[in-house]
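Open the model in your viewer and keep the sequence panel visible. The stops below go from single residues to strand pairs, then to the core and the cavities.

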Amino acid sequence: MSRACGATPRSLAWAGVLLVSLGGPGWAEDLEPSPGSPPESRARLRLELYGRLGAPLEGKLKLGREGLARSWRLREDARAPSRLSWGAGAEVDFEVLEWASVGVSAWEIGQFTARRRIHYEGLELDGRAFAGNTRLTTQVQLRYSELSLRYVWRNDASIRLWFGIGVAWLSTRIALRGDRLRATTRSSQVFAPALTYALEARLGAGFEVYLLSGIAVAPQRFPSVTTRLRVGFGYRLLEGVALRLGLGFQNAFLGEAREQLSKRVRSGHDWRRIRWSSLGVEFGVSWSL
């Protein structure tokens, strides 16, 4: 190819400089956000505090040594009604990198009932027997906390989506109180891994919707598992401040596979089997700093 028909490297370089000098200001204007577009949220710290008003859907347990441990239900055997009770929770998210954050989740729920006559067959709790038709008060408390590392898949003016993996801890406290005989038992379990994801979609006019779902398993006590689900709406009052209203569901199962297969595992076995689920209305406030 002749030199007259081809373009030399020097001529191409000068042509590029000319195009940049003529079109550069226009490109810069195109890259600037339009006046009407919302700014991207770059909050480093997110905090949410919420209260909860809910009722248990299921409560079944078997606690104590073999021989003085019988499965019983809170509603049918302890005559504990599914009344609404208060709870609380918190969510903390600290962004350490543009695509990564560290999060902490915690919640507490419970059930407290007035004194009622229990089932005529009686109850056993932690090695103590309560005769049938005894008048007892029942108390149940669950506390959950989770620490996770989170990968922020997307975080802009419209959507924030992250996936987390970490470790969780669940503790339970169950108490029966009568005139002369009382019994209280506590148990706790570490769950790892704990897998969680959350989606927050920012809509127009200050509204937003959110979804958080998580599951944590305990391989050392398979198939012990706990799950949670939160979904609802939010409204931004001020920049970085929003009110939230939604539903929350918590479910927990503590137990071992051999306990599921046989009613009598072995002599002297220490039973720590608990089933619990609850649904409630959540309302709170969140801050983005």
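Buried here means under 20% relative accessible area, exposed means over 50%, and partly exposed lies in between (1.4 Å probe, protein chains only). This is a predicted model, in which local features need pLDDT of at least 70, side-chain atom pairs count only at pLDDT 80 or more, and totals for chains, interfaces and linings use all residues. Residues are numbered from 1 along each chain as its sequence is written, and side-chain values use heavy atoms, with hydrogens and water left out.

**Two loop residues**

Select T113, in the loop between β4 (100-112) and β5 (116-117); helices (H or I, at least four residues) and strands (E, at least two) are DSSP runs, numbered from the N terminus. Is T113 buried or exposed? T113 counts as buried because its relative accessibility is 10%. Show its contacts (heavy atoms within 4.5 Å): apart from neighbours within four places in sequence, these are A80, P81, T137 and T138.

Move next to A43, in the loop between α1 (9-31) and β1 (45-65). A43 has a relative accessible area of 8%, so it is buried. Not counting residues up to four places away in sequence, A43 touches E95, S288 and L289. Add D93 to the selection: the C-alpha atoms of A43 and D93 are separated by 9.7 Å, with the two residues 50 apart along the chain.

**Strand pairs around β8**

Now colour β8 (135-155). Two strands pair if DSSP finds at least two bridges between them. β4 and β8 run antiparallel and are joined by 13 bridges; to see one position, select A106, which stands opposite S145 in β8. β5 is also antiparallel to β8, with two bridges, and R116 has L136 in β8 as its bridge partner.

Which strand forms a hairpin with β8? That strand is β9, with three residues between the two. 18 bridges join this antiparallel pair, and E146 stands opposite A168 in β9.

**The largest nonpolar core**

A nonpolar core is a set of buried Ala, Val, Leu, Ile, Met, Phe, Trp, Tyr and Cys residues joined through side-chain atoms within 4.5 Å. The largest one has 30 residues, of which W72, L125, L142 and L170 touch the most other members. Elements giving two or more residues to this core include β1, β4, β8, β9 and β14 (270-288). Centre on W72: beyond four places in sequence, its contacts include L61, L123, L125 and L176, as well as K60, D77 and E124.

**The cavities**

Finally, show the cavities. On a 1 Å grid over the protein atoms alone, a cavity is a set of points where a 1.4 Å probe fits but cannot get out, and lining residues have an atom within 4 Å of a point. Grid points are joined across faces, edges and corners, and a volume is the space filled by probe spheres set on the points. There are two cavities of 30 Å³ or more.

The largest has a volume of about 40 Å³. Its lining includes R52, P56, W86, I109 and W276, and β1 gives the most, with four residues.

The second largest cavity has a volume of about 30 Å³. Select G59, L74, V140, L142, T172 and W276, which are among the residues lining it. β1, β8, β9 and β14 each give two or more residues to this lining.

Conventions
On a 1 Å grid over the protein atoms alone, a cavity is a set of points where a 1.4 Å probe fits but cannot get out, and a pocket is an open set with protein on both sides within 12 Å along at least five of seven lines; lining residues have an atom within 4 Å of a point.
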